[in-house]
Amino acid sequence: MKKIIIAPSILSANFATLEYDVKMIENSEAEWVHIDIMDGHFVPNITIGPLVVKSLRNVTKLLFDVHLMIANPEKYWLEFYKAGADLITFHTEVLTDKKKLIDDIKSSGAKVGVSLKPKTSISDIEYLIPYVDLVLVMTVEPGFGGQSFINDMVYKIKDLRKIIDENNHSCFIEVDGGINSQTASICINAGADVLVSGSYIFSAESPRLALKSLLI
Ligand code: DX5
Ligand code: ZN
């Protein structure tokens with residue numbers, strides 16, 4: 001069976017005790033930490049900047065999966081790379097020259113991903129798939145944790161899986177938004193490789209057990 005990667009989103013963690021929550025992730029089945037960066041422009045919410053990423057970098061070796069929900073990823077990605085981001089995913093909706101940003105991020109040594117809002121079609125980014133390490137399918141409108149999974153997005157995961165497999169591309173499909181034990185298995189069956197989950201994990205009585213249930 002294919003290995004599924006869990007990327008807990010610390011957006012729903014306790015920001016007063018982030019180190020504690022990251023240690024919980026270290027002691028779980030998860031290998032990545034999903035870090036949501038929001039600027040109040042691309043999305044109607046503001047989260048954290050490179051300083052917090054840098055502080056977290058000092059306390060863990062887990063892979064930092066940085067999801068830039070910002071209007072100017074070309075301006076800020078390097079700061080996040082310097083702060084310790086391993087994988088930098090930006091939204092294709094905000095840029096005309098997407099390939100240039102992909103090349104710039106890759107030349108730094110970081111891995112690169114492109115993210116699609118629910119209304120963005122695969123056809124808009126299909127030409128980029130050979131160049132990226134990951135495509136992130138948003139299954140909620142970006143901006144907030146705790147929203148419900150948009151079922152219509154399952155077709156997008158399936159279509160993407162088909163394109164990647166038929167062309168022997170090596171990029172991951174990551175799914176983000178409304179992931180719980182039920183929607184996780186729907187996404188895995190549709191072909192997802194990486195599952196982001198925030199509120200389901202961090203609002204559970206036992207985050208570790210909740211996390212584990214995503215894989216069952
Ligand atoms: C939403 C973020 C997600 C969010 C997911 O814009 O990109 O990563 O943390 O949260 P849940 O799992 O609660 O939907
Ligand atoms: Zn995210």
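**Ligand 1 and the two largest pockets**

Among the elements around ligand 1, β2 makes the greatest contribution to the shell, giving three residues. The model described here is predicted. Strands β3 and β8 join β2 as elements that each supply at least two residues of this shell. In total, 20 residues surround ligand 1, and those that come nearest are S9, G143, D176, G198 and S199. By class, the shell holds eleven polar residues, seven nonpolar residues and two charged residues.

Several contacts to ligand 1 run through the protein backbone. A polar backbone atom of G143 lies 2.7 Å from an oxygen atom of the ligand, and G198 likewise places a polar backbone atom 2.7 Å from a ligand oxygen. For G178, the distance between a polar backbone atom and an oxygen atom of ligand 1 is 2.8 Å. The cover around the ligand is complete: of the 380 Å² of accessible area that ligand 1 has on its own, the protein covers 100%. G143 and G198 thus appear twice in this picture, as backbone partners of ligand oxygens and among the residues that come nearest to ligand 1.

The site itself is readily placed, as ligand 1 sits in the largest pocket of the model. This pocket has a volume of about 250 Å³. Its lining is made up of 26 residues, and G145, G146, D176, G177 and G178 lie nearest the pocket centre. D176 also belongs to the residues that come nearest to ligand 1, while G178 offers one of the backbone contacts to a ligand oxygen. Four elements each give at least two residues to the lining: the strands β2 (32–38), β3 (63–69) and β8 (194–197), together with the helix α7 (199–202). Sorted by class, the lining comprises 13 polar, ten nonpolar and three charged residues.

A further pocket, the second largest, encloses about 150 Å³ of space. The residues that line this second pocket are S12, A13, N14, Y20, D21, M24, F202, P207 and R208. Two helices, α1 (18–26) and α8 (207–213), are the elements that give two or more residues to this lining. Of these, α1 gives the most, with three residues. Five residues of the lining are nonpolar, two are polar and two are charged. F202 belongs to this second lining, and its position falls within the range of α7 (199–202), a helix that also supplies at least two residues to the lining of the largest pocket.

Key. Residues are numbered from 1 along each chain as its sequence is written. Chains are lettered from A and ligands numbered from 1 in the order in which they are written. This is a predicted model: local features need pLDDT of at least 70, side-chain atom pairs count only at pLDDT 80 or more; totals for chains, interfaces and linings use all residues. Side-chain values use heavy atoms; hydrogens and water are left out. On a 1 Å grid over the protein atoms alone, a cavity is a set of points where a 1.4 Å probe fits but cannot get out, and a pocket is an open set with protein on both sides within 12 Å along at least five of seven lines; lining residues have an atom within 4 Å of a point. Grid points are joined across faces, edges and corners, and a volume is the space filled by probe spheres set on the points. Ala, Val, Leu, Ile, Met, Phe, Trp, Tyr, Cys and Pro count as nonpolar, Asp, Glu, Lys and Arg as charged, and the others, Gly among them, as polar. A residue is near a molecule or strand if one of its heavy atoms lies within 4 Å of it. A polar contact is a pair of N or O atoms within 3.5 Å; within protein, one must be able to donate a hydrogen and the other to accept it, and residues adjacent in sequence count only if both atoms are side-chain atoms. Accessible areas come from the Shrake-Rupley method with a 1.4 Å probe; for residues, only the protein chains shown count as cover. A molecule sits in a cavity or pocket if more than half of its atoms lie within 2 Å of its grid points.
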